[in-house]
Amino acid sequence: MESLYLLIPMSVVLVFLIGVIFWWSVRSGQFDDLEGPGYKVVADDDAPPARPDAESKVDR
């Protein structure tokens with residue numbers, strides 16, 4: 001029973017802290033664009049990037 005005197009206030013503080021962090025993330029725009037980063041991952045480039053050392057081997 002004595003442990004409840006410690007656990008209940010700790011849980012209330014934890015819920016309050018989670019609420020504050022969630023409120024901050026919503027207000028700062030963390031959830032504005034949920035689909036954009038997924039499309040950027042699957043976007044295909046036309047040509048692969050050239051390696052810097054490949055140019056020196058072609059000139060020789």
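A polar contact is taken here as a pair of N or O atoms within 3.5 Å, one able to donate a hydrogen and the other to accept it within protein. In this predicted model, the side chain of Asp33 meets that description with the backbone nitrogen of Gly36, which it reaches at 3.0 Å. A polar atom of the Asp33 side chain also lies 3.5 Å from the backbone nitrogen of Glu35. Asp33 itself is placed in the loop that joins helix H1 (2–27) to helix H2 (36–42). With a relative accessibility of 48%, Asp33 is classed as partly exposed, because the exposed class begins over 50%.

The protein chain contains three helices and zero strands, and its elements follow the order α-α-α from the N terminus. Of its 60 residues, 3% are buried. The accessible surface of the chain amounts to about 6,200 Å², and carbon and sulfur atoms account for 66% of that area.

Helix H1 comprises 26 residues, for which a span of 38 Å is expected at 1.5 Å a residue. The C-alpha atoms at its ends are 39 Å apart, in agreement with that expectation. After H1 comes Gly29, with a positive phi near 90°.

A nonpolar patch of about 680 Å² is present on the surface, formed by Met1, Leu4, Tyr5, Leu7, Ile8 and Val12. Among these residues, Tyr5 is located in helix H1. The relative accessible area of Tyr5 is 62%, so this residue is classed as exposed. An α-helix has 3.6 residues a turn, so residues three or four places apart point the same way. Leu4 and Ile8 are both members of the patch, as are Ile8 and Val12.

Aromatic side chains were examined as well. A pair of aromatic rings is described by the distance of the centres and the angle of the planes. One aromatic pair is found in the structure. This pair joins Phe22 and Phe31, with 6.0 Å from centre to centre and 40° between the planes, a tilted arrangement. The tilted class applies because the angle is neither under 30 degrees, as for stacked rings, nor over 60, as for edge-to-face rings. The two partners fall into separate accessibility classes: Phe22 has a relative accessibility of 52% and counts as exposed, whereas Phe31, with a relative accessible area of 45%, is partly exposed. The boundary that separates these classes lies at 50%.

How values were computed. Residues numbered from 1 in each chain as written. Predicted model: local features only at pLDDT ≥ 70, side-chain atom pairs only at ≥ 80, totals over all residues. Heavy atoms only, no water. Phe/Tyr/Trp six-rings, centres within 6.5 Å; stacked < 30°, edge-to-face > 60°. Buried < 20%, exposed > 50% of the residue type's maximum accessible area, 1.4 Å probe, protein only. Helix = DSSP H or I, 4+ residues; strand = E, 2+ residues; numbered from the N terminus. Patch = residues over 30% accessible without salt bridge, like charges linked within 9 Å, V, L, I, M, F, W, Y side chains within 5 Å. Areas by Shrake-Rupley, 256 points an atom, 1.4 Å probe, with all protein chains shown as cover. Salt bridge = Lys/Arg side-chain N within 4 Å of Asp/Glu carboxyl O. Expected span 1.5 Å × (residues − 1).
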